[in-house]
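Please study the sequence and the model shown below before attempting the exercises. Each task is followed by a worked solution.

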Amino acid sequence: MEILQIENLDVFYGDFQAIYSLDLRVNKGETLAVIGANGAGKSTLMKTIAGVVPVAHGSIRYLGKSIENLQSYKRVSAGISLTPEGRKIFRSLSVEENLKVGAHTKRKGPWNLQTVYDAFPLVSERRDRLGINLSGGEQQAAAIGRALMSNPELLLLDEVSLGLAPVVVEQIYAALPQITEQGTTVLLVEQDVIQALKVADRVQCLLEGKTVLEGAPGDLSRGAIANAYFGIE
């Protein structure tokens, strides 16, 4: 069953077109990794799905229903949650208070303070610390936990590894199997191709707002991925 269907999507920032005629499918329960270099349109895609950036042309269907004109807060209530690039933790709130903000929709599901703490020991250990005093890795873990607190059907993870030390990235990605085991579908945007290939069921590579390669990681050679990533013929 497809949880998300995007067809012929065009997205603009003013006169600049960021995404061109993009098609994308996400099956329920899978992890789809969207990869590509900086400026490929990955974060724009995530913001468009979340309702932060408007659709110029094309359709977005979530659980079979059109959502391209649905307000962003209603998409959260419907079960779409975004961990944004840059984390956007509330700096004046504690970690636990940040997590509770994510639960405002009161959606039923497996995620609560305890299950988030179990999945992210790094978050549990810092629960009383203010957002302003968190490291980049602690912020990222808290931001993912906050998104999970809304009990999403579809979790959008934007640039999980950006600016983080490899050991911290490994700790955060170690929680991903627990997330998918709870029935949450994951759409992951990542510049770290090696990390994306480790966790993804399928990969879709963007270049200048267009899909240039897609398939299961095991079916794609490293050479083909590198060529698509960098736009090499």
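The exercises below concern a predicted model and go from the whole chain to single residues.

**Exercise 1. Overall form**

Task: Determine whether the radius of gyration of the protein chain agrees with that of a compact globule.

Solution. Step 1: The chain has 233 residues, and for that length a compact globule would have a radius of gyration near 17 Å. Step 2: The protein chain has 17 Å, so the value agrees with the globule rule. Step 3: Along the principal axes, the C-alpha atoms fill a box of roughly 50 × 35 × 35 Å. Step 4: The secondary structure within this form consists of ten helices and ten strands.

**Exercise 2. Interior, surface and charge**

Task: Describe how the residues of the protein chain are buried, how its contacts are spread along the sequence, and what its surface offers.

Solution. Step 1: Of the 233 residues, 49% are buried. Step 2: Among contacts with a separation of 6 or more, 69% link residues 24 or more positions apart. Step 3: The exposed area is about 10700 Å², of which carbon and sulfur atoms supply 51%. Step 4: There are 23 positive and 26 negative side chains, and the centres of these two sets lie 7 Å apart.

**Exercise 3. A four-strand sheet**

Task: Establish which strands stand at the edges of the open sheet of four strands.

Solution. Step 1: Strands of a sheet pair through backbone hydrogen bonds, in a parallel or an antiparallel manner. Step 2: In this sheet the order is β2-β1-β4-β5, and the pairing is antiparallel. Step 3: β2 (16-27) and β5 (65-66) each have a single partner strand, so they stand at the edges and one side of each is left without a neighbour in the sheet. Step 4: At the β5 edge, two bridges join β5 to strand β4 (residues 57-62). Tyr62 has Lys65, in β5, as its bridge partner.

**Exercise 4. Two positive phi values**

Task: For Ser21 and Lys106, state the phi angle, the place in the chain and the exposure.

Solution. Step 1: Most residues other than glycine have a negative phi. Step 2: Ser21 is not a glycine, yet has a positive phi of about 45°. Ser21 lies in strand β2 and, at 45% relative accessibility, counts as partly exposed. Step 3: Lys106, also a residue other than glycine, has a positive phi near 60°. Lys106 is found in the loop between α3 (95-102) and α4 (113-119). Step 4: Exposed means over 50% relative accessible area; Lys106, at 68%, therefore counts as exposed.

Conventions:
Residues numbered from 1 in each chain as written. Predicted model: local features only at pLDDT ≥ 70, side-chain atom pairs only at ≥ 80, totals over all residues. Heavy atoms only, no water. Rg over C-alpha atoms; globule rule 2.2 N^0.38 Å. Buried < 20%, exposed > 50% of the residue type's maximum accessible area, 1.4 Å probe, protein only. Contact = heavy atoms within 4.5 Å. Areas by Shrake-Rupley, 256 points an atom, 1.4 Å probe, with all protein chains shown as cover. Lys, Arg positive; Asp, Glu negative; His and termini not counted. Charge placed at Lys NZ, Arg CZ, Asp CG, Glu CD. Pairing = 2+ DSSP bridges.
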